[in-house]
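With the model open in your viewer, please follow the stops below in order, making each selection before reading on.

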Amino acid sequence: MEMLLRQQQELLDLMKAIDTKLDLPDPLPEEEVWLTKTAVMDMLCITVSTFYRRQQNWKRRKSGGTWYYLKSSLL
């Protein structure tokens with residue numbers, strides 16, 4: 001058990017060292033989050049008819065037959 005804890009601590013130390021040297025940006029900024037129809041309806045707590053009424057005002061894109069809606073355009 002002690003060996004595992006020691007290895008875990010070594011990994012954490014390595015991850016901190018890498019993080020400080022690389023200074024990576026966030027994977028997706030808030031304005032770049034795309035949601036499916038179901039996720040939009042859950043987030044806004046709206047029904048299907050309300051969704052179709054409002055979708056004309058939102059930024060959207062189609063990928064593989066599925067429409068995705070830009071989260072920042074929903075609010």
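Select glycine 64 in this predicted model, and you will be in the hairpin of strand 2 and strand 3, where two residues lie between the strands and glycine 64 adopts a positive phi near 65 degrees. Widen the selection to both strands, which run antiparallel and are joined by four bridges; among the residues to pick out here is arginine 60, whose bridge partner in strand 3 is tyrosine 69.

Next, bring in strand 1 (residues 34-35), which pairs with strand 3 (residues 66-70) in the antiparallel sense over two bridges, with tryptophan 34 standing opposite leucine 70.

Now move to glutamine 55, in the loop that connects helix 3 (48-54) with strand 2 (60-63). Because its relative accessibility is 14%, below the 20% cut-off, glutamine 55 counts as buried. Its side chain makes a polar contact of 2.8 Å with the side chain of tyrosine 69, and, once neighbours within four places in sequence are left aside, glutamine 55 is in contact with Arg60 and Tyr69.

Keep Tyr69 displayed and add Leu35, Val40, Met41, Ile46, Phe51, Trp58 and Leu74, since these eight residues together make up the largest nonpolar core. Centring on methionine 41, and not counting residues up to four places away in sequence, you will find that it touches Ile46, Thr47, Val48 and Phe51.

Finally, colour the protein by pLDDT, which averages 86, with 85% of the residues scoring at least 70. Confidence is highest in helix 3, at a mean of 95, and lowest in helix 1 (residues 2-22), at 82.

Conventions:
Residues are numbered from 1 along each chain as its sequence is written. This is a predicted model: local features need pLDDT of at least 70, side-chain atom pairs count only at pLDDT 80 or more; totals for chains, interfaces and linings use all residues. Side-chain values use heavy atoms; hydrogens and water are left out. Buried means under 20% relative accessible area, exposed over 50%, partly exposed in between (1.4 Å probe, protein chains only). A polar contact is a pair of N or O atoms within 3.5 Å; within protein, one must be able to donate a hydrogen and the other to accept it, and residues adjacent in sequence count only if both atoms are side-chain atoms. Contact means heavy atoms within 4.5 Å. A nonpolar core is a set of buried Ala, Val, Leu, Ile, Met, Phe, Trp, Tyr and Cys residues joined through side-chain atoms within 4.5 Å. pLDDT is the predictor's confidence in each residue, from 0 to 100. Two strands pair if DSSP finds at least two bridges between them.
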